[in-house]
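Student: Could you take me on a close look at one loop here, and then show me how the parts around it are arranged? I'm new to this, so please explain the terms as you go.

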Amino acid sequence: MNAAARALTLLAESNQTVAVAESLTGGLVAAELTSVPGASKTFRGSVTAYATALKQDLLGVDAALLARRGAVDPEVALQMAVGVRARLGAGWGIATTGVAGPEPQDGQPVGTVYVAVCGPLGGPLGAEKVTALRLNGDRAEIRKESVRSVLDLLVGELSENARAQDTEQNGGN
């Protein structure tokens, strides 16, 4: 089972949903998720905010942060995940931002990518995590690996939260 199918299965098992905010992946994460039969049960939708201004306008990323650090930044990735989760009414938000090439962007070299996940707040289910990636390869390879990485991050957080819930329900044993 690939990461998209695994993520959707875990979401369905816990009756939760996911929304996606994408920059460098340009809709590839949403395409990967929707390629799985039954995705509509848990996938709310996506925002492809390729232009930096759209990260602020559509996802609520802080304008001062974007002006200071540019779009290729771990905090920007996290704010994108938080924003898409809130705006699309999902239990989980995931995001990708980075430089696929061919040229550096915002002072960051090609292959610099940040993927983020934001989950339900409160209790053992509160989850916010950003992973920094330094990827090699051409534009297509960097984008493909970014998709795989953000979906793996989501699966990891969903699995961890499922274990935490299990432990809590079983009296901490």
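Tutor: N15 counts as exposed, because its relative accessibility is 73% (buried means under 20% relative accessible area, exposed over 50% and partly exposed in between, with a 1.4 Å probe and protein chains only). N15 sits in the loop between α1 (3-13) and β1; helices (H or I, at least four residues) and strands (E, at least two) are DSSP runs, numbered from the N terminus. Although N15 is not a glycine, its phi is positive, at about 55 degrees.

A word on where these values come from. This is a predicted model, in which local features need pLDDT of at least 70 and side-chain atom pairs count only at pLDDT 80 or more, while totals for chains, interfaces and linings use all residues. Residues are numbered from 1 along each chain as its sequence is written, and side-chain values use heavy atoms, with hydrogens and water left out.

Now follow the chain from the loop into β1, residues 18-22, which pairs with β2 in the parallel sense over 5 bridges. Two strands count as paired if DSSP finds at least two bridges between them. One such bridge links A21 to V47 in β2. In general, strands of a sheet pair through backbone hydrogen bonds, either parallel or antiparallel.

Let's widen the view to the sheet. Its 5 strands are ordered β2-β1-β3-β4-β5, and the sheet is open, with mixed pairing. β2 (43-48) and β5 (128-134) are at the edges with a single partner strand each, so one side of each has no neighbour in the sheet. From one strand to the next, the twist averages 15 degrees. Here axes are lines fitted to C-alpha atoms, for helices over the stretch in contact, and angles run from 0 to 180 degrees between N-to-C directions.

What lies across the sheet? Helix α5 (residues 74-88) lies across β1, β2, β3 (92-98), β4 (112-118) and β5, and runs at about 145 degrees to β3. Helix α3 (residues 52-59) packs with α5 at about 40 degrees, their axes being 9 Å apart. That angle makes α3 oblique to α5 (under 35 degrees is roughly parallel, over 145 roughly antiparallel, 65 to 115 roughly perpendicular, and the rest oblique). In α3, K55, L58 and L59 meet V76, Q79, M80, G83, V84 and R87 of α5, where contact means heavy atoms within 4.5 Å. The residues of this contact split into 5 nonpolar, 2 polar and 2 charged; Ala, Val, Leu, Ile, Met, Phe, Trp, Tyr, Cys and Pro count as nonpolar, Asp, Glu, Lys and Arg as charged, and the others, Gly among them, as polar.

Finally, let's visit other loops. T25, in the loop between β1 and α2 (28-34), is buried, with a relative accessible area of 0%. Leaving out residues up to four places away in sequence, T25 touches T96, R143, S146 and V147. The loop between β3 and β4 holds D106, a residue other than glycine with a positive phi near 50 degrees. D106 is partly exposed, at 38% relative accessible area. P102 is also placed in the loop between β3 and β4, and a cis peptide bond joins G101 and P102, with omega about 15 degrees.
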